[in-house]
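Q: Take me through one stretch of this model up close, please. I'd like to hear about the helix contacts and the charged pairs around them.

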Amino acid sequence: MSRRRLGIGLFFAVTALVAGALAWLAWDRYQGFAHGPLSGIDEGETLVVERGDSFLRVLEKLREAGVTDGHRTEWQLLARRLDAGGRLQVGEYELEPGMSASELLVKMREGRVIRHRFTIVEGWNIRELRAALAQASPLLQETPGMDDAALMAALDRPGTHPEGRFLPETYLYTRGDSDLDLLARAADALDATLQEAWDDRADGLPLETPEEALILASIIEKETGLASERERIAGVFSRRLQRGMRLQTDPTVIYGMGSRFDGNIRRRDLQADTPYNTYTRDGLPPTPIAMPGAAAIRAATRPADGDELYFVAIGDGSGAHVFSRTYSEHQSAVREYVRRYRQRFGQGARGE
């Protein structure tokens, strides 16, 4: 073999060796990029993919968030291999320290977006619910300019009083959802829960409609300090309604006072007639007075049996009540409550 042919062979051999080495280095780099931890991610960092964002725009947002790993070509190759390039779903994603490029692309391909929580608390009234919604972030705010009537019309419930119409529980939502979206879900959940309880109601209830059950449930919700007493309190109210006795429950009076309530209910407040004063008016108030939870709704439709017609707080801060069959027993329990109240606070149970 001539030197010239030997030189050419050696050249191609070296070239092939160098090309192989470069290819191996490129593959090794790609593998490190695809499966190694991304740099520049701080705790709590997020990435928002918006409708209309191209893959290249998402890469720009990653750079803006501090992720500098990988060339554009490497990201595109990886996205193609993972079938993610044209399938990134809209939403907000958590950028977790230590995650790899592959993990991030799979997360966006599958739409594993951040889910935020909002809790409607049992016993809230509509003012408290709307105030809490106004502070919820990143929930879009569509309702602040609406009064209650406009709000219910926007929920396709025109003419419906908003009190008690949203089921207390924790709702998950994603960035881009609005307060109106969340309220619509809560209203549907309330309707379903109420109908289920009404369909399974006990025989002989002094209630004619699901609406009346909802009103009674809201009173039970506000009167219940211990969950174990819920059905028992419902039983007292049901028997009073059956016998034509007035409910005489303070929470309805307080609701009727509205902004005039200063934290203390007085004898003159009990005597001042409003549509919600169950000391001066027979039967149920005209609307719910709060947002009752599912347990209170069930209690209203399946109250405990018994013969008790009265209850009053023990007054020891436990939330428990003393239940009585007769008015004389109840008066004795009230005197004991006043005594404990004065011991704790140095004043009467109610001011004049």
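A: Let's start with a glycine: Gly111, just after α4, takes a positive phi of about 70°. Helices here are DSSP runs of H or I with at least four residues, strands are E runs of at least two, and both are numbered from the N terminus. Keep in mind that this is a predicted model, with local features needing pLDDT of at least 70 and side-chain atom pairs pLDDT 80 or more, while totals for chains, interfaces and linings use all residues. Residues are numbered from 1 along each chain as its sequence is written, and side-chain values use heavy atoms, leaving out hydrogens and water.

Helix α4 itself (residues 101–110) is largely enclosed by the rest of the structure, because seven of its 10 residues are buried. Buried means under 20% relative accessible area, exposed means over 50%, and partly exposed is in between (1.4 Å probe, protein chains only). The buried set is Ala101, Ser102, Leu104, Leu105, Val106, Lys107 and Met108.

Now hop along to α8 (residues 210–223) and α9 (residues 230–242), whose axes come within 10 Å and cross at roughly 130°. That makes α8 oblique to α9, a label for angles that are not under 35 degrees (roughly parallel), over 145 (roughly antiparallel) or 65 to 115 (roughly perpendicular). The axes are lines fitted to C-alpha atoms, for helices over the stretch in contact, with angles from 0 to 180 degrees between N-to-C directions. On the α8 side, Leu216, Ile219, Ile220 and Glu223 meet Arg230, Ile233, Ala234, Phe237 and Ser238 of α9, where contact means heavy atoms within 4.5 Å. By class, that contact has six nonpolar, one polar and two charged residues.

Helix α8 also brings us to a salt bridge: the side chains of Glu211 and Arg165 meet at 2.2 Å, N to O. This pair links distant parts of the chain, 46 residues apart, with Glu211 in α8 and Arg165 in the loop between α6 (148–154) and β4 (170–173). The term covers a side-chain nitrogen of Lys or Arg within 4 Å of a carboxyl oxygen of Asp or Glu. Arg165 is buried at 15% relative accessible area, whereas Glu211 counts as partly exposed at 26%.

After α9, Arg246 and Asp282 pair up too, at 2.8 Å, N to O. Arg246 sits in the loop between α9 and α10 (250–257), and Asp282 in the loop between α11 (267–271) and α12 (294–301), 36 residues apart. Asp282 is exposed at 56%, while Arg246 is partly exposed at 33%.

How values were computed: Ala, Val, Leu, Ile, Met, Phe, Trp, Tyr, Cys and Pro count as nonpolar, Asp, Glu, Lys and Arg as charged, and the others, Gly among them, as polar.
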